[in-house]
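Q: Please take a close look at a single part of this model, the sheet and the helices on it, after a short account of the other chain. Give the cut-offs behind each term as you go.

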Amino acid sequence: MEQFDVIVVGAGPAGSAAALTLARRGFSTLLVERGRSPGAKGMFGGRIYAWPFAELLPEWAKDCPIERRVVRENLAFLTDDASLGISFDAPKMAQGRGASFTALRAKFDAWFAKKAQDAGAVLVTGIRVDDLWREDGRVRGVFVAPNDRVVSDLVVIAEGATSTLVRKAGLKADLEPREVSVGVKETVELPAETIQERFGLSETEGAAYVFAGSASLGLRGGGFLYTNRASVSLGLVVSSEDLSRKKVEIQEIQTKFRMHPAVQRLIRGGKVVEYSAHLVPELGAGMMPRLSGDGVLVVGDAAGFLINNGYTFRGVDLAIASGVAAGEAAEAARAAGGMTAANLKAYERFLHRRNVLTDLERFRRAPLYLKKDRLFNVYPRMLMEIAERMYTVDGSGKERLFDVVLDEAASAGVPKLKMLLDLLQGARSM
Amino acid sequence: MTDGGTAGRPRRIVVCIKQVPRAQELQVDPVTQTLKRVGVPSEINPPDANALEMALQLKDRLGTEIVVLSMGPTSFDESLERAVAMGADRSVLLTDRILGGSDTVPTAYALSETIQKIGGYDLLLCGEETTDASTGHVGPGIAGHLDLPQITYVSEIRIVDGKVRARRTAEDGTEWWGTTMPCLCTVNFGCNRPREPTLTGKIRVKRGGLVTHWSCADVGIDPKKVGLFNSPTIVAKVDTVRLPSRSGQIFSGEPGASVRKLLASLVADRVIAA
């Protein structure tokens, strides 16, 4: 029977980071991926915050398949036909520890898994792990078929948002609709020159957009757009609870979003070449499974490591950081005498060291705040009405801005005190 | 249908496979009328995959060593590795530039020499034919070179008293044949469902050392008997069948009269004789 020190299930960013860290620390490591190749089944918004590489792969930028480095952040509120936007232009953001870049998973995941292989991990693709293998009440490897199991001292679950192993390990109950959103994404092909011209970017620069308001047809959620080299990633994340309650198909929302004038302007003439959908863990710290057990650790989306505070969506960076932390925890546990639940508790310490758990805790209330309907229905429309009255000069008598705001606030139908409270809560939770 | 116990089982089975372009993804170049092979994903020739599965089932039942053999460029490693990941014990690739352009005559010769070098075989299995050339020559050719009994178009094999019993597909039914080992069987396309590679199998491949490359010199193959210039087949011309465009016509009305009109029309178009 084949045997490894550690088996990592899933060669996405979390799994490859774990396998790379483990292999470097001298663990014989097996990295198992369900897709034909790493990234073949991967799905995400389109942007990666690069900070975890500073420590893990300082030379990452040399060969990492970066599409574009993000130099401009945009936030746009949409109503049915209008938009109100904020644009933050900062070339400095493309450099240093705070850098982020756009990427395509098929390329990025393949590159990252190769780094793990180069460090000595054994990568096997095209195999779906059905269950964990248990002996004496502890996890002792993975089970694929009756005559096809591989044993190990530790299994790292890096299966992504819909992980079945986390449930089978007894670390978490079934997903609840309120815990997940549905993410959809279209890859829209556009010539690189068109992207540069249209978005005002150089060959290496990229832009990121967050859309709020009617992007999600009033359902809780939002839209995003990232520029790749010769395509844009255009998508939505919408509350699955709302989708089922209001009986709306997400494709319908995506089509309306794509046809919105403010979005059309950006993707005009482009061709949709890829469509993907995925569940997005939405409650962050509020839905985390137990992160460790006897012979098992959970990393990345499988652990619910995702932060959506309304203006930044983070997943891949937390996945990578958690993979590294898992590798360090394994080393600490080995030094302490074995992969027991008690020794693997060290994982949480290493997560805190990278602010993964800290950030998740800090934004714990953001998902609840972002669940308020008013945020997606009432306020964007109100902002738009204010903007319209601010900028309209038609000789019918101009009002002072302050009066406009008060007037619009009154006609929005939300008590002023509640509005003030929303504003305060928003500032505190985001 | 059962075997007669593990006594007299084949000690070693050699399965010959070829890597072919995946048929569903092949396209004909509209200008040159030839097959576009570049960039088309490959697979184990499907009848060869059935031969491999038949060998693996014998291994499951009786226990035996399976050696997979192929001849071609090193890109064939992909299929040989897949065969090992499915459960074969090891594989051999005969690879040499001087083999380029060989037709079925030198191929059968070169493979038979390689099989002799592998040695120790009791059973040789080949697919009935390849999906990219469809000659069905190579299996019988190997049997000829090695002077072995052969059973072609086999869909089932049992081992009874150290002998092979094989069900052979004939035009109007099936026949059961028996022969002594060593022998060669060519296996029917679609007679079983080839298994998927296992995790354990894929790990064995990654650990390495299970795909051996041999050159003609390694095997002792006579260079004067292989390659394009020693292949008697000449491809004089390749034609693409162009399907005639159809002109739909509906004959309605009284059935008898409609049928007469249809027949007259088919005769007029020379689809059928008068």
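A: Of the 430 residues of chain A, 48% count as buried, a residue being buried if 20 or more other C-beta atoms, placed from the backbone, lie within 10 Å of its own. The model is predicted: local features need pLDDT of at least 70 and side-chain atom pairs count only at pLDDT 80 or more, while totals for chains, interfaces and linings use all residues. Residues are numbered from 1 along each chain as its sequence is written, and chains are lettered from A and ligands numbered from 1 in the order in which they are written.

The C-alpha trace of chain A spans about 85 × 45 × 40 Å along its principal axes. Its secondary structure comes to 17 helices and 19 strands; these are DSSP runs numbered from the N terminus, helices being H or I of at least four residues and strands E of at least two. An automatic or database assignment sets the domain bounds, giving domain 1 (3–66 + 103–172 + 289–364), domain 2 (178–281) and domain 3 (377–429) in chain A. Between domain 1 of chain A and domain 2 of chain A, the contact takes 12 residues from domain 1 and 14 residues from domain 2, where contact means C-beta atoms, placed from the backbone, within 7 Å. Chain A also touches chain B, with 10 residues from chain A and 6 residues from chain B.

The part for a close look is in chain B, where an open sheet of 9 strands has the order E11-E10-E9-E12-E8-E1-E6-E7-E13, with mixed pairing. Two strands pair if DSSP finds at least two bridges between them. Strand E11 (173–180) and strand E13 (211–214) of chain B each have a single partner strand, so one side of each has no neighbour in the sheet. From one strand to the next, the twist averages 30°; axes are lines fitted to C-alpha atoms, for helices over the stretch in contact, and angles run from 0 to 180 degrees between N-to-C directions.

Within this sheet, strand E1 (residues 12–16) and strand E6 (residues 65–71) of chain B pair in the parallel sense over 5 bridges. Arg12(B) has Glu65(B) in E6(B) as its bridge partner. Helix H2 (residues 77–86) of chain B packs on the sheet and touches E6, strand E7 (90–94) and E13 of chain B; the direction of H2 makes about 165° with that of E7(B). Helix H3 (residues 104–118) of chain B lies across E1, E6, E7, strand E8 (123–127) and E13 of chain B, at about 145° to E6(B).

Key. Contact = placed C-beta atoms within 7 Å. Buried ≥ 20, exposed ≤ 12 C-beta atoms within 10 Å, placed from the backbone.
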